[in-house]
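Q: Please take me on a close look at one part of this structure, step by step. I am in my first year, so plain words would help.

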Amino acid sequence: MTQNVSAQDARTAPDSNPVSWQTQDDVLLITINNPPVNALGHAVRVGLIAAIDALEADGSVVGAVLTGGGRAFVAGADITEFGKPIAEPGLNEVIDRIEGASKPVVAAVNGFALGGGLELTLGCHARIAHPKARVGFPEVHLGVIPGAGGTQRMPRLAGVEIAVELSTTGKPVSAARALSAGIVEAVDEDCVAAAVARARELAAAGEWTRVGELPSPNVPEGYFEAAEAAIVARSRGQISPLLSLEAVQGGLTLPFAEGLKLERDIFMRGLTSDQSKGLIHAFFGEREVAKIPGLDPAAKPRDVARAAVIGAGTMGGGIAMCFANAGIPVTVVEQTEEALERGLGLCRKNYENSAKKGRMTEAQVEERMALLTGTTDMQTLAEVDLVIEAVFENMGVKKDMFTRLDSICKPGCVLATNTSTLDIDEIASVTERPQDVVGMHFFSPANVMRLLENVRGAETADDVILTAMATGKRLGKVSVLVGVCDGFVGNRILHQYLRWASILLEDGCMPEQIDRVWTEFGMPMGPFAMSDLAGLDVGYRIRQEQAATRSGNERYVEIGDRVVEMGRLGQKTGGGYFDYIEGSRKPVPNAEVTALVLAESARKGIERRDFSDEEILNALTDLMTNEGAKILEEGIAMRPVDIDITYIFGYGYPAFRGGPMFRADAEGLAASLERIEAAYARTGDHAWKPSALLKQLVAEGQTFEQWSKARAA
Ligand code: 3H9
């Protein structure tokens, strides 16, 4: 017997058939088929209720197995339904029906069971996972908490520690870990067959566990205080992890039904928060940036079976590791054997450190190293499908390199540059194939940072753009496509607020105040600690080179140069703007730097004044808004969401604020423009020249998002 929900549910018969069931002798096999990830949308919930009705009605079956079609069990609630009125039945009602069924229901967790998907398994009477399954509560990443009993059932089933870990970090765990934690009772390659057998066993025994009826576990004294302190320390102002903790803790002393009510209230607090709106924007934005409007629909990414990276420095080595990590053979080219040995040695050291920390096995270290081939012979590049140049940031050097690549690489090979500032079109102009040239700007450390800024030149072919985007995906990156300008999207905006942070120093602030404001906002570090981490000498050298041509009209702050001349180059020399106590990355104010800041203001005859934290935050974020708007009006970024995702994944911008453009919309563009215009009138500085787009949007009463949607329509 095979049936589908649409044929039989009276409440609202959906058009599609996302839940089907069939008998396997005396067990009903219920399958959720709602591609791509089996989210628990309304039709699925209706279908599940109908399936349980069928289980109850069919006297020939003794129990049921619940599984997912495709690669997912269930990825959770349907996030597109968030914020809309809930169409009955809700997920709690579905889980309640399963848990209260008169016959046992066993979950065969065939793939990822996330959020509501994991909660659905907790309503079942036993869980058996495929070895590749992953389970977790990622709700915190959307600004909410598990809202269908997860914070109440998980502690009862597997204990408070794992419930708190899953629901406050949002990180999924493997089937093996789920087994050892007691979340699933077995792991089996054929989890469906094992679940069928288990359902029969439970039916024969005539008893099974309803997790909601288990007693609350005991918790060691002081556990929640310690957990709260740890969450506050790592979540940088994000509230959802604390909300999850509150739900777990609150439920322990309540009857189960009361615990569910508490969880629901806290879930709604999360869902109606601004943070949740920002996080949901970031979730969909991460996926939207992969979609490139306007490309030839027939264009397909080119095959990349073998890649090469030129330069085995920190950047080149990191990029090469990204390829090895993705299982793609990669050739690393250097000028000398020594440089090659040093570079590959660093890659090995990096992998071995990961192995020491238990993040990979020794065998995996060797597997990855085997994918990295070093050479000093450029001719070997004739065989590769994609080359990424990561040599010294100098136009002459890059042009020379691209001339050589043009003569060596096979037709159709993608020629990419990792430049962070230089004009891709000028680089492409030295080749006979500018259509094959593209920017692939990795962020340091390249093997860690998620962002990949792909840069489209004037002549870059559509299939080359798609190759850069697809390669980014294979490397596990979030790729954003941008256009050519100085600094592209990320560093162009960064330059504006770093420069202004220095001006604020001269006008009355100290590095520690500005950095504190920025970290309290949710950034991982302030502008000065970030400069110290990157090293102050590179910027210094560039500024020295630019000195002769610098416009006298641009305000130039010399504090950074003086810090370097004191021998303070940043963390690598033990200090820069700040001191760093050995073994710690925590910045500590330095008395000499404080004196230097005061002396520089005095030397320029500036009367220092106090700045409120709000003034500092407004200055830095208004500059981001204004520069972001200029980037949009020039077409360098296609959509505001491209800027948001660039900042979240490349610069650690707090995802709960949705990104700089999303936040600007939420805070109100009119107020921001008013401050920008006032700053421009006061300073005349080009950074504050109001963006024409920003002025237009304020005049029309529109947001960036509305403008973007209207253009896409
Ligand atoms: C929850 O469960 C709340 C409950 O506790 C309580 C409720 C009362 N809904 O990421 P991909 C789309 S909260 C709707 O590229 P992958 C996604 O937008 C939920 N859509 O695939 C994309 O669409 P498009 C807790 C969803 O293989 C497409 O599916 N769960 C959902 O790289 C493919 O996605 C989560 O937070 C969804 N839940 O990764 C899990 N999930 O093609 C969120 C995905 O149009 N999901 N889509 O761009 C994920 O983490 C990943 O999608 C997953 C697959 C790991 C599952």
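A: What follows starts at one strand, moves to its surroundings, and then visits some other spots.

Please keep in mind that this is a predicted model. Our starting point is strand β17, which covers residues 437-442. How many of the residues in β17 are buried? Six of its six residues are, so the strand is mostly covered, given that buried means under 20% relative accessible area. In a regular strand, side chains alternate between the two faces of the sheet. You can follow two sets of residues here: V437, G439 and H441 point one way from β17, while V438, M440 and F442 point the other way. Both sets are buried.

Now look at the neighbours of β17. Strand β16 (residues 414-417) runs parallel to β17, and three bridges join the two. The strand β18 (451-456) is joined to β17 by four bridges, and this pairing is antiparallel. A good residue to find on screen is G439. It stands opposite T417 on the β16 side, and its bridge partner in β18 is V455.

Next, step just before the strand. D436 sits in the loop between α16 (424-428) and β17. Side chains of opposite charge can pair when their charged atoms come close. D436 forms a salt bridge with R302, with 3.0 Å between the closest N and O atoms. R302 belongs to the loop between α11 (274-288) and β12 (307-310), so this pair links parts of the chain that lie 134 residues apart. D436 itself has a relative accessible area of 4%, which means that it is buried.

Then go to the other end of β17, where a loop leads on to β18. F443 lies in that loop, and P445 is found in the loop too. The peptide bond from S444 to P445 is cis, with omega near -10°.

What does the ring of F443 pair with? Its partner is Y651, at 5.5 Å centre to centre. The planes make an angle of 80°, and angles over 60 degrees count as edge-to-face. Y651 lies in helix α25 (residues 640-651), and 208 residues separate the two partners, so the pair links distant parts of the chain. Both rings are covered: F443 has 7% relative accessibility and counts as buried, and Y651 is buried with a relative accessible area of 11%. The pair also belongs to a wider group, since ring pairs link F443, Y497, W518, F521, Y647, Y651 and Y653 into a cluster. In total, the structure holds eleven aromatic pairs.

Rings can also be found beside charges in this model. The charged end of R287 sits over the ring of F283, 3.8 Å from its centre. R550 and Y556 show such an arrangement as well, with the charged end of R550 3.8 Å from the centre of the Y556 ring.

Let us come back to salt bridges, of which the structure holds 41. One of them joins R543 and D561, at 2.7 Å from N to O. R543 lies in helix α21 (residues 537-546) and D561 in helix α22 (residues 559-565), so the bridge ties together parts that are 18 residues apart in sequence. R543 is partly exposed at 25% relative accessibility, whereas D561 is buried at 3%. Another joins K398 and E393, at 3.2 Å from N to O. Here K398 is buried, with a relative accessible area of 1%, while E393 is partly exposed, at 32%. There is also a network of salt bridges that links E558, R562, E565, E600 and R603.

For contrast, look at E139, in the loop between β9 (134-136) and α4 (150-158). E139 is buried yet has no salt bridge. The nearest side chain of opposite charge, R264, is 9.7 Å away, and a salt bridge needs the atoms within 4 Å. Leaving aside residues up to four places away in sequence, E139 touches G115, G116, E119, V144, I145 and P146.

Finally, here are two backbone spots to look up. N38 is not a glycine, yet it has a positive phi of about 60°, and F488, also not a glycine, has a positive phi of about 50°. N38 is buried at 2% relative accessible area, and F488 is buried at 0% relative accessibility.

Notes. Residues are numbered from 1 along each chain as its sequence is written. This is a predicted model: local features need pLDDT of at least 70, side-chain atom pairs count only at pLDDT 80 or more; totals for chains, interfaces and linings use all residues. Side-chain values use heavy atoms; hydrogens and water are left out. Rings of Phe, Tyr and Trp (its six-membered ring) pair if their centres lie within 6.5 Å; planes under 30 degrees apart count as stacked, over 60 as edge-to-face and the rest as tilted. Buried means under 20% relative accessible area, exposed over 50%, partly exposed in between (1.4 Å probe, protein chains only). A charge sits over a ring if NZ of Lys or CZ of Arg is within 6 Å of the ring centre and within 35 degrees of the ring normal. Two strands pair if DSSP finds at least two bridges between them. Lys and Arg count as positive and Asp and Glu as negative; His and the chain ends are not counted. Contact means heavy atoms within 4.5 Å.
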